[in-house]
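Student: I would like to go through the salt bridges and the exposure labels, and hear the reasoning behind each one.

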Amino acid sequence: MTNLRIGHGYDVHRLTENRRLILGGVDIPWEKGLLGHSDADVLTHAIMDALTGAARLGDIGKLFPDTDPAYAGISSLKLLSHVARLLDEAGYDVVNLDAVLLAQAPKVGPYRRQMEENLAQALGIDPSQINVKATTEEGLGFTGDGSGMAAHAVVLLEKR
C-alpha cells in the first residue's frame, strides 16, 4: 500500500454586487464579490475539497454545511486551518498543492504570492509547497462572461 494520496477539488461561486472579493484569503479590491454562505473564497474552497478528498475526509459541504449559522461569513482560511488539523490527526502531510483560478477579471497576478503565503500559514506548511495560478477563459462560459469564478486544486498528501 502506498503512502501517497492525490486529491482534486473544484468549486464555483456567482459574482454579485455588494460583496467583498476574497481569494486565497486576500481581499482584492474589485466591483464585485463572490456569493456564498462563508466569505465564498472559491480558491480556498477548491483546495479544501482536494485535501479532504485525498485524505478521505468527505468534503467541505459535509464538514462545514451552509445550513449552519456558525459558518455564516466565516473566513475560509479559518476553515482551512480546521482541515489542516484533521489532516494532522489522520496522519497526513501536504507534499504539494497546485491550484488554478478561472476568472475573466480582475487580474490576480499581483496577489498570488500573498495568497500562497496565506494558504501555507493556514496549513502550517512552507509557501514553496503551494502554487497558485489564474487563467481567463477567453470570454467563454460563466467565468468568461463575468457572472462567476471557479477554481480547481490538486494536492499530494503523504501518510506519516
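Tutor: What follows takes a few residue pairs and one helix residue in turn, in a model that is predicted.

Student: Why is the pair Asp27 and Arg20 called a salt bridge?

Tutor: The closest N and O atoms of Asp27 and Arg20 are 2.8 Å apart. The cut-off between a side-chain nitrogen of Arg and a carboxyl oxygen of Asp is within 4 Å, so the pair qualifies.

Student: How many salt bridges does the rule give?

Tutor: The count comes to five.

Student: What makes Arg20 exposed or buried?

Tutor: Arg20 has a relative accessible area of 57%. Exposed means over 50%, so Arg20 is exposed. Its partner Asp27 has 40% relative accessibility and therefore counts as partly exposed.

Student: How do you know that Asp93 forms a salt bridge with Arg160?

Tutor: Their closest N and O atoms are 2.6 Å apart, and the rule asks for within 4 Å. Asp93 lies in strand β5 (residues 92-102) and Arg160 in the segment after β7 (148-159), so this pair ties together parts that are 67 residues apart in sequence.

Student: Which residues are linked with this pair in a network of salt bridges?

Tutor: The network links Asp88, Asp93 and Arg160.

Student: Why does Arg160 count as exposed, and what is the label for Asp93?

Tutor: Arg160 has 54% relative accessibility, and the label exposed needs over 50%. Asp93, at 35%, counts as partly exposed, a label for values between the 20% and 50% limits.

Student: What makes Lys133 and Asp98 a salt bridge?

Tutor: The closest N and O atoms of Lys133 and Asp98 are 2.6 Å apart. With a side-chain nitrogen of Lys, the limit is again within 4 Å of a carboxyl oxygen of Asp, so the label applies. The pair links distant parts of the chain, with Lys133 in strand β6 (residues 130-135) and Asp98 in strand β5, 35 residues apart.

Student: Why are Lys133 and Asp98 called partly exposed?

Tutor: Lys133 has a relative accessible area of 31%, and Asp98 has 30%. Buried would need under 20% and exposed over 50%, so values in between are called partly exposed.

Student: How do you know whether Thr52 is buried or exposed?

Tutor: Thr52, found in helix α1 (residues 42-54), has 0% relative accessibility. Buried means under 20%, so Thr52 counts as buried.

Student: Which residues does Thr52 touch?

Tutor: Not counting residues up to four places away in sequence, Thr52 touches Leu57, Gly58, Asp59, Ile60, Leu63 and Val83.

Technical notes
Residues numbered from 1 in each chain as written. Predicted model: local features only at pLDDT ≥ 70, side-chain atom pairs only at ≥ 80, totals over all residues. Heavy atoms only, no water. Buried < 20%, exposed > 50% of the residue type's maximum accessible area, 1.4 Å probe, protein only. Helix = DSSP H or I, 4+ residues; strand = E, 2+ residues; numbered from the N terminus. Contact = heavy atoms within 4.5 Å.
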